[in-house]
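This briefing introduces a protein model to a reader who is new to structural description. Please look through the sequence and the structure below before reading the points that follow.

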Amino acid sequence: MAPSSKDRREQAKAAADALRAKQAKAAQRQRTIAIVSLVVGIVVVVSLVLVILNNGTSAAPAAQVTPTVATGHGGIVFDRSGLVTPPDGAGAAAPGASPSSGVTLGPAGLTSDWPQNGDFAGNPVVVSVYFDPMCPYCGHFEQQSGKLLDQLRASGEIVIDSHPLSFLDRSSAGTNYSTRVANAAWTLAEKAPDAYFGFLEGVFADGVQPQEGTAGLTDDQIAQIALSAGAPKDVVDTFTDGTYTWWVAQATDIASQDLGSIATPDVMLNGVSISKTVDIYDPTALKAAIDAAAKG
Amino acid sequence: MSDPDPVLPAGRWATARPWVSTVVRLALAVVSLWAGLAKAGDLAASVRAVRAFELLPEALARPVGYGLPAVEIVVGVLLLLGLVTRYAAAIMGLLMLAFIVGIASAWARGLSIDCGCFGGGGATSPDLTQYPWEITRDLAIAAGAALLVRWPYSRFSLDQTLGLTRAAQ
């Protein structure tokens, strides 16, 4: 039986509907492709901009050199007789170790690691000092309590676990003052440790430490302070190589993991921060806290 | 989707709505771009700002510290162009809710930190914390984002050019 004209009409209408639906689908697909490519394009461009921005502003690390004197927590340890190189397994520079390997989060984690668990003659208190060369209160702390710490270390009552950091790099008008001084400090610790504390005293001295937000001391001025502290010229001349620039960023990152929020100066006794409970700028109060930690 | 008019007589609100959405969209774009670019110059600081909240496990500190500025910039560009406005605004709104939770939690735990919302961040002295202001600001941004999710159609947008949204949605 031949299809009726009504059937034919309906078939044609169905075919037309199907074609329209197909076209609409294709248009929708094209629109989706356009949107997805636009969004992906934006993501790619933004990622590139991010990478470029970061390489442009951060101090360009020369090489990834981990100092042999660095502890796993990014500190430099001195006892009464001077620098103490971390024993096997306690240093950051252990072969094959990543800089932050073995680092545990939070102050409690510090007590189970060297130097807090170290075997020092006379069972001294481990005094960890976290500081940034640009931080005004770090200068204040050095001026007020630096002498006391020197004396207590010389008498064997404490060992110092020193942490030069660079998180205030943005506060030096683009010169990365914190990184430059911290790199110098790590260089001294590695090559001329006897000049280390004299150098810190010099850069934190009243009238020498720069104001936050200024360009800070020049490389020449930093070198002069190190020379005055007794560092050999051939060591001082390597400051501008930035040998430990990369490491300073790593040590700062490790400190941020250990401390949560970095508030310098941060002073720890045997791995426990006292900065919020003790007036660390008052040598008498600081001495009392150290004595208490020694008994405990 | 037709919406009963909440405020104005039907005609006037329908006319004003795309313009309100346009202003809110551009304002949010500027805020998001500013926040993202301010962090982008120092990603190590961004990671430290995340850690300062002491909320996320260490394994997430780096991905969030690096990823957040990227997301903020992408969302900012999308809002600026008016492309997939509804979704970009939704992401921004969710980010704000996360920030509000983070800041409120830091406040409640007695931490003294700067939120690092526009770069920097980390510890600050207790009398320099600005928790009420930071939360108010983020609530206002979240409200703007909610408005855009509800009424994403706006003038001068790629959504309009591409015919993704209709005026009478």
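Of the 296 residues in chain A, 42% are buried. The model is a predicted one, and every value quoted here is computed from it. The points below treat chain A as a whole, then one of its helices, one residue in a strand, and the contact with chain B.

**Overall form of chain A**

- The secondary structure of chain A consists of 9 helices and 6 strands.
- Chain A is more spread out than a compact globule, because its radius of gyration is 30 Å, well over the 19 Å that the globule rule gives for 296 residues.
- Taken along the principal axes, the box filled by the C-alpha atoms of chain A is roughly 115 × 45 × 35 Å.
- If one considers the contacts in chain A between residues at least 6 apart in sequence, 74% of them join residues at least 24 apart.

**Helix α3 of chain A**

- Helix α3 of chain A covers residues 136–154, which is 19 residues.
- From its first C-alpha to its last, this helix reaches 26 Å, close to the 27 Å expected at 1.5 Å a residue.
- A kink of about 55° is present in α3(A), and its centre is A:Ser145.
- A:Ser145 is also one of the buried residues of α3(A), and others among them are A:Cys138, A:Phe141, A:Glu142, A:Leu149 and A:Arg153.
- In general, residues three or four places apart in an α-helix point the same way, because there are 3.6 residues a turn.
- The buried residues of α3(A) pack against strands β1 (76–79), β3 (125–131) and β4 (158–164), and also against helices α5 (196–203) and α9 (283–295), of chain A.
- After α3(A) comes A:Gly156, which has a positive phi, near 80°.

**A:Val272 in strand β6**

- Strand β6 of chain A, residues 272–273, contains A:Val272.
- Is A:Val272 buried, exposed or partly exposed? A:Val272 counts as partly exposed because it has 16 C-beta neighbours inside 10 Å.
- A:Val272 and A:Val126 are 146 residues apart along the chain, yet their C-alpha atoms are separated by 9.8 Å.

**The contact between chains A and B**

- Chain A and chain B each bring 24 residues to their contact.
- On the side of chain A that touches chain B, the elements giving two or more residues are α1 (5–57) and α8 (245–259).
- The element that gives the most to this side is α1(A), with 13 residues.
- Sorted by class, this side of chain A has 14 nonpolar, 7 polar and 3 charged residues.

Methods: Residues are numbered from 1 along each chain as its sequence is written. Chains are lettered from A and ligands numbered from 1 in the order in which they are written. This is a predicted model: local features need pLDDT of at least 70, side-chain atom pairs count only at pLDDT 80 or more; totals for chains, interfaces and linings use all residues. Helices (H or I, at least four residues) and strands (E, at least two) are DSSP runs, numbered from the N terminus. A residue is buried if 20 or more other C-beta atoms lie within 10 Å of its own, exposed if 12 or fewer, and partly exposed in between; C-beta atoms are placed from the backbone. Two residues are in contact if their C-beta atoms, placed from the backbone, lie within 7 Å. Ala, Val, Leu, Ile, Met, Phe, Trp, Tyr, Cys and Pro count as nonpolar, Asp, Glu, Lys and Arg as charged, and the others, Gly among them, as polar. The expected span of a helix is 1.5 Å times one less than its number of residues. The bend at a residue is the angle between axes fitted to the seven residues ending there and the seven starting there. The radius of gyration is taken over C-alpha atoms; the globule rule is 2.2 Å times the number of residues to the power 0.38.
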